[in-house]
Protein chains: 2
Amino acid sequence: MISKKEKILNTALELFASEGYTAVSTRRIAEKAGVSEGLIFRHYKSKKGLLDAIKVQAGERTINLFAPIILQADPKKAIRMAISLPFEIPAKEYPFWKLLFKLKWETDYSEDNKMQPLINKLSWSFSQLDYKSPKKEAEILSHIIEGISTTILRDGKEAQMSLKQFLIRKYG
Amino acid sequence: MISKKEKILNTALELFASEGYTAVSTRRIAEKAGVSEGLIFRHYKSKKGLLDAIKVQAGERTINLFAPIILQADPKKAIRMAISLPFEIPAKEYPFWKLLFKLKWETDYSEDNKMQPLINKLSWSFSQLDYKSPKKEAEILSHIIEGISTTILRDGKEAQMSLKQFLIRKYG
DNA sequence: AACAAGTGAGTGAGTGATCACTCATGTCTT
DNA sequence: AAGACATGAGTGATCACTCACTCACTTGTT
């Protein structure tokens, strides 16, 4: 059984992702979620509070996504997993990650870089494999992964599959 | 002498870039630009029309930015110029490019990929230099350039300078 | 040269619609 | 009965946009 509180959060997430935070009214969220508008403010104080709750969830989901890579002891495997990461995201979660990528451009949210733990792990991996500049290699690969993620979120993963193989060969 | 019409466009550009399209009211644009609110609608029919005018300018500026690279006959030089691109943008133009990067995530704008001409040129360059998979190399480098651009627009270019040198060595 | 007629940039009070948010009230569950 | 959950009409504020109007300036006529 999914609670009305969760229903509100999921609906807001979906609408914010596709149309943007300011463009979506609390009335529309309530209608689409099948609850009264007042209930939004009972559970999440304000519209901003609703967004904050989504951001908290975003942080948790990001950690969960990175966890298996961070914990991977084999540097080669860690790099392969990082490259595969954008392809592992199920399509039904696309709205969620789209919203995260949008939020990167909001002034008060860009500060804490969610990618940093992954970059650190990649840096460690390249270091283990005796790359000359592991830190720079890690930064570059993280840019590539982020770029591929962006493309996948916009156009789907199919067209990017061959690029994945190319990267795994290149870094393998 | 800068016309009021231009003043409106520049002010809207600045506010849209820093706070987002929907978050900025036409009243605030008028106040900051030092014109009446009505004038906005005389020159640009609607708020959406104002955004469209900015998008047209964006397309022109992007072409101008890529032009010297596209025209470069030496493939090595073309690649170096592409890598240097994010560092050549003057700080006063940051709001403009920030807005462009934000707009990438708006549903009706993401379709036409402004980067494609640059990717094609890079692909040609790698081909000239006998890379095995010039197309994929070009896609990857374009992701790196876009990632560096994003970082520079958010945090400034200083911290990225060493990465630029690293890339030029790598691809040189 | 003088003046009437016309043009369009520019104004700002005013419009209905919609915004985030409140609160008196109703309906469950125990 | 009582407290938590839930409602939706109502609130002032703000939204994008309109419109009647002014005024500096150009154009046509004599």
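In this predicted model, a polar backbone atom of B:V24 is 3.4 Å from a phosphate oxygen of DNA strand D. Chain B makes another approach of this kind at B:T26, where a backbone N or O atom lies 2.9 Å from a phosphate oxygen of DNA strand D. Chain A reaches a base: an N or O atom in the side chain of A:R42 is 3.4 Å from a base nitrogen of DNA strand D.

These contacts can be placed in the wider surroundings of the strand. DNA strand D is surrounded by 14 residues, and the closest of them are A:S36, B:T26, B:E37, B:F41 and B:K47. By type, the residues of this surface divide into six polar, four charged and four nonpolar. On the DNA side, sugar or phosphate accounts for 58% of the atoms of strand D within 4 Å of the protein, and bases for the rest.

Which helices supply at least two residues each to the surface near DNA strand D? They are α3 (37–43) of chain A and α3 (37–43) of chain B. The most comes from α3(A), which gives four residues.

The last point is how the protein chains are arranged. Two copies of a chain are related by a rotation about an axis and a shift along that axis. Here, a turn of 180° with a shift of 0.1 Å along the axis lays chain A on chain B, with an RMSD of 0.1 Å. This is therefore the relation of a two-fold axis. The same surface serves both copies, as 100% of the contact residues of chain A recur in chain B.

Definitions and conventions. Residues numbered from 1 in each chain as written. Chains lettered and ligands numbered in written order. Predicted model: local features only at pLDDT ≥ 70, side-chain atom pairs only at ≥ 80, totals over all residues. Heavy atoms only, no water. Least-squares fit on C-alpha atoms with pLDDT ≥ 70 in both. Contact = heavy atoms within 4.5 Å. Near = heavy atom within 4 Å. Polar contact = N/O pair within 3.5 Å; in protein donor to acceptor, adjacent residues only side chain to side chain. Nonpolar A, V, L, I, M, F, W, Y, C, P; charged D, E, K, R; others polar.
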